[in-house]
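This report concerns the confidence, the fold statistics and the aromatic contacts of a protein complex. The structure is shown first.

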Amino acid sequence: MAEYGDILHRLPQSKSVDAVRWLSSVSAFDRFVASAVHDPDAAVPAAASAIEIHSLILAPSADSSSREHPCFHLRSSWPSSSRISALRSSPTPYKHLAVAASTLSGSLHVLFVDPVDGSIESELSIPNDRSLHAGVVSAIDLLEGGRECVTVGEDGRVNLASIGESRMDYRRVYDSRGLASYTAVRWASPVEFATGGLGFGVQWWDPRKPGGFVSQFTSNWAQGKTTGIVHSIDIHPSRKHICMVGGSAGTVFAWDLRYPQQPILLSGAGGPELLSDIDEVWQVQYDSHTLSSSVNSATSAKLLPVMMCSEEGILAVLEQGEEPKRLLQEYCAINSFDIDPQNPSDVVCALEWEAVGILMRPKAGNYASSFGRLPPSFH
Amino acid sequence: MPGRLSDPGADTIVPISLESRQPVVLSLRHGVSAPVFRVYISWSRGSLLHVACLRPPSLEPDGAGDDEEEGGKVVEVRLGTGDGGISEAQMRRIAYGSVPPFVELQSWKNSLASLSMMSSSSFRTEKWQYILEYSRKVNELLKTHQIPPDNVIEDPRIIVKLLKETSSLRAAWELMEIFFIDKQSLSWLPERLVDWLEEYDSLVTRTDLTVYSKLVAMQKKLVDFKVIEDNPDYWEAVSSALAVGWLDTVAKLLRLHGSYQLDQLDDRETENGLVEAVAVLILTMPRLCPDLSSEKIGQCYDTKPDFIKAWEKWRGQVSKLERSAYWVQCSHHQTREGLQKLLKILLGNISNLTSATCHWMELLISHLLYTRPFIMGLEGLNNLAQKCQQLKPTAEYNGLMSLLMGILQESPEAVLAECSRTYGPWMVAHGTELLAAGSDYADIQLHEERYNLGSISIEELHWLVYAQVLSSHPLTWQIASTYLAQCPKQGLGLLEFLLYKQPLQHHQGIFKNLDLSRSYDLDNISASIMKIAGMHHWKHGRKGFGIYWLQLARDEVRLNRIAQQLFEFIGRSLSDDSFQQWEGLIELLGTRVGSSGGLEFLHKYRDLKRLLKQVEDGRAVNAARLAAESLVQLMKSPSTPQQFWLPLLYDSVSLLNWKAQPLLRVSETNLLLNKLQDLSMAKMCPGFVDSNLPSHALSSVRLALAKNLGRAILEEC
């Protein structure tokens with residue numbers, strides 16, 4: 001069910017789709033999507049999980065309606081020894097697209113994808129020998145440019161992997177030895193990042209400073225009304241002091257480093273009620289397509305519009321002080337989504353029922369793309 | 001699932017076929033060298049079987065493993081899925097897609113039940129609308145996606161479309177829809193059956209000849225024919241297509257006739273005229289169909305009287321042409337014969353209909369078209385079908401045809417049995433809605449509680465069975481909950497069981513599970529899930545995660561137990577530098593959601609440490625005062641473990657020796673001294689945990705306390 005004239009196309013995959021990302025391509029006609037898939041019926045366990053690179057093609061519709069409908073063409077596939085837990089992508093200076101993926105068994109992989117034909121040219125790995133993470137890597141984030149990747153895990157470790165052309169090394173930033181677990185991570189600048197974890201805790205890190213995190217957002221801000229786990233963080237490059245956080249109990253809030261005691265609630269915990277309080281917000285991402293009514297300069301104090309997806313099948317855009325705009329209400333969970341950085345009107349999402357959804361929002365009359373994500377070096 | 005039917009005798013509801021099938025022998029390559037000591041067989045999920053082959057335990061106690069022999073192996077055996085050409089992935093897609101229509105229909109039914117307006121007439125019409133909508137949605141789902149044709153220009157020689165993948169499941173669903181849901185428009189039944197056969201003729205038999213297979217064979221040969229009308233196969237094909245009412249195929253075939261060629265050599269005027277006359281009659285055949293705008297060949301009528309009038313008139317025209325004198329003048333023998341045969345079919349000549357059709361279903365359709373166009377009611381149809389079966393007997397068992405017979409015989413039991421036998425649990429679970437809508441008798445049969453099924457209804461039984469199938473696959477188990485929730489008797493119990501046994505290693509899985517158990521108000525299940533998750537994380541060294549889940553589950557007992565372990569761990573590592581490591585965990589304990597059991601102490605301890613640090617930095621008296629208060633509180637609190645008493649006091653020596661004024665009052669100091677006394681008593685007890693503090697710690701604390709006491713007494717005087 002799509003509203004606001006948006007159209008959702010479902011592309012059945014016949015296997016579980018755990019994560020999806022757009023890959024920026026060089027040609028205007030070919031657009032690539034990377035998806036992390038899992039097929040529990042695979043004949044051998046080693047073939048059960050994979051990263052697939054698809055090109056998205058707009059084909060004329062089979063029935064009489066004049067609309068085009070997107071379809072996937074599999075360009076390449078890379079088998080993973082374990083189920084993928086997180087997927088990120090970025091263009092690199094070496095003309096490749098980097099796709100970074102972590103697994104449930106604790107390994108980290110970086111694939112270099114040819115931006116012209118979508119083939120996988122080479123691969124770098126840190127194996128799952130419990131050195132990087134003991135167990136699940138819960139989240140990773142790839143620095144714009146693909147030089148560095150930060151990984152966090154349930155084991156409480158925080159690692160930085162530096163990615164070269166032919167080798168990948170990592171160093172431990174912190175190890176809480178399981179006393180704390182981290183479940184989300186996002187770069188804020190080339191040298192700082194934010195992590196999220198249990199009890200809605202958010203931590204700010206600067207690896208140049210010794211010891212642990214630089215500051216922490218206290219987790220009992222909800223005055224005992226609710227608690228939960230942070231599932232996703234997004235930081236806009238023009239507002240790097242604000243962490244947009246999505247987590248359990250249908251909660252989306254912004255944590256401003258300048259006012260660390262006062263989170264701004266967008267959903268849940270007694271804030272605006274879009275989601276039920278048993279919903280899980282799996283992902284948040286700033287939506288550069290939705291033009292905020294009052295945000296017209298980067299200095300405005302208002303939060304930028306943010307898109308979120310949830311376990312109860314909601315894809316919506318939240319804006320401070322406005323009615324939430326529900327884009328999708330599916331019967332199944334939406335596990336992950338990604339807004340195309342080059343065409344912000346298009347959203348790809350991973351649906352629980354073994355399908356990828358492509359949501360195409362009307363482009364007309366929208367000039368928000370100029371407000372899109374710029375490389376951090378720009379600011 | 002309720003226990004199996006006790007006695008496969010007269011009172012079984014679903015006939016179980018007891019015909020013995022040949023057992024399938026599979027050879028396993030397990031690679032374990034003989035002798036195999038034991039074999040264990042167990043079901044894994046779905047149709048996966050685990051076979052464990054074990055060798056006898058080695059005789060030598062130290063193993064003496066030089067022969068590199070394995071002790072045994074577990075082999076996975078995947079048993080074939082033999083259903084009508086639908087892959088598992090496709091079936092899963094259907095399973096996902098049928099959830100929304102199912103949920104919509106059930107929630108509408110439930111809302112009705114609460115309004116209790118079951119008898120009113122508006123309910124009846126509304127019910128039809130809802131069930132029809134449900135059926136249409138499911139039907140849409142069963143459509144296999146057709147690839148658009150490659151060539152836009154139509155080839156006149158393509159007379160039949162080759163069906164790549166026609167799902168038998170959809171054919172069966174449509175049959176049920178025609179008979180059970182579209183019952184309102186029973187007068188259009190013959191036309192709907194004609195359409196149905198046109199689409200699914202290839203499915204009525206797997207082994208025997210059909211009109212469809214005849215036409216396909218004919219199309220292949222078409223290129224080789226020079227003069228098409230000379231060929232008896234051509235005329236056979238035309239009459240077969242006509243007999244089952246595929247008028248556009250007939251029109252296409254007739255257009256290939258030589259009389260439509262522009263370069264004719266002989267004088268064929270009469271022949272041409274006759275071909276045209278027959279073609280016109282065929283194209284103007286009256287048909288009864290609801291949708292006049294449809295692109296059907298023939299004259300469409302939407303009311304019965306109009307149709308009967310037109311039909312009589314048309315019949316008159318056909319018999320007039322048949323008796324015409326022009327036939328004698330037609331010189332082309334094959335054309336004359338062929339055309340006359342077509343007219344006989346149009347007039348409903350039984351022997352011609354019988355010879356033109358192959359399968360009894362086709363014969364039945366031809367009768368509906370040409371001999372009994374005004375047939376009403378299932379009874380007549382059933383008699384007709386049985387006659388057709390006698391004329392064209394078939395040895396082969398076909399699920400689709402058996403389903404049709406069951407429907408015609410108005411036997412819900414047979415329909416249910418065929419659905420289950422040929423199409424499996426999905427079809428039964430969803431088709432019961434159509435069946436129940438078909439007749440009141442079926443409705444009662446399906447919803448009656450039955451003692452021999454453990455007091456559940458047949459409908460519930462099949463939902464339970466289907467839910468079992470869904471829950472055996474790791475990707476579909478969550479939608480099983482939708483069906484279980486609809487089962488009034490045993491659904492929730494099974495749902496609890498299903499949620500309880502899901503793997504909980506990864507937090508996505510835990511959340512999915514919790515989400516389901518909360519949405520069905522199974523609070524005890526969600527608490528158990530959180531406890532299991534908590535213990536799993538704790539055991540795997542993820543202490544923070546473990547405590548988080550146990551806190552949410554409000555599991556005081558376990559929290560207190562792990563608190564002891566945690567304190568021992570802290571006792572060793574909690575120096576001031578490593579405090580940051582604990583920060584995250586302690587923050588968690590400070591939340592007021594859930595309980596933290598004995599762990600609450602840690603939070604207060606951290607606060608005291610912070611204050612003491614400020615005191616050391618030589619900051620205000622306020623901090624010192626607060627620290628002293630918090631020290632007394634900690635020492636008073638029963639949740640403070642004994643092993644921390646001395647370290648707490650030792651850490652606070654600077655407070656006790658505070659220069660400016662005594663920070664503790666007399667009564668407070670006495671309390672601390674008492675605690676110290678208790679501690680030295682406890683030292684005698686077994687199980688006392690000694691803190692690893694320097695040996696002079698005790699004496700320096702005692703001295704400081706004594707000094708403080710002295711100063712406090714002076715102060716208070």
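In this predicted model, residues 147-152 of chain B keep a pLDDT (the predictor's confidence in each residue, from 0 to 100) under 50. For that stretch the model has one contact (heavy atoms within 4.5 Å) beyond four places in sequence. Chain B as a whole has a mean pLDDT of 78, with 81% of its residues at 70 or more. Its residues 1-16 are also below 50, and this stretch has 20 contacts beyond near neighbours in sequence. Where pLDDT is low, the predicted coordinates should not be read in detail. For the complex, the predictor gives an ipTM of 0.87 and a pTM of 0.82.

As the model is predicted, local features need pLDDT of at least 70 and side-chain atom pairs pLDDT 80 or more, whereas totals for chains, interfaces and linings use all residues. Residues are numbered from 1 along each chain as its sequence is written, chains are lettered from A and ligands numbered from 1 in the order in which they are written, and side-chain values use heavy atoms, without hydrogens and water.

Chain A contains 28 strands and zero helices (DSSP runs, E of at least two residues for strands, H or I of at least four for helices, numbered from the N terminus). Of its 379 residues, 64% are buried (under 20% relative accessible area with a 1.4 Å probe, protein chains only; exposed is over 50%, partly exposed in between). Among its contacts between residues at least 6 apart in sequence, 52% join residues at least 24 apart.

Over all chains there are 22 aromatic pairs (Phe, Tyr and Trp rings, the six-membered one for Trp, with centres within 6.5 Å; planes under 30 degrees apart are stacked, over 60 edge-to-face, the rest tilted). Two of them are tabulated below.

| Pair | Centre to centre | Angle between planes | Class |
|---|---|---|---|
| Trp187(A) and Phe193(A) | 5.5 Å | 80° | edge-to-face |
| Phe511(B) and Trp549(B) | 5.5 Å | 55° | tilted |

Phe511(B) belongs to helix H22 (residues 507-519) of chain B and Trp549(B) to helix H24 (residues 543-552) of chain B, so the pair ties together parts 38 residues apart in sequence. Both Phe511(B) and Trp549(B) are buried.

In chain A, Trp187(A) is buried at a relative accessible area of 7%, and Phe193(A) is buried at 0%. Ring pairs join these two with Tyr174(A), Tyr182(A), Trp205(A) and Phe213(A) in a cluster.
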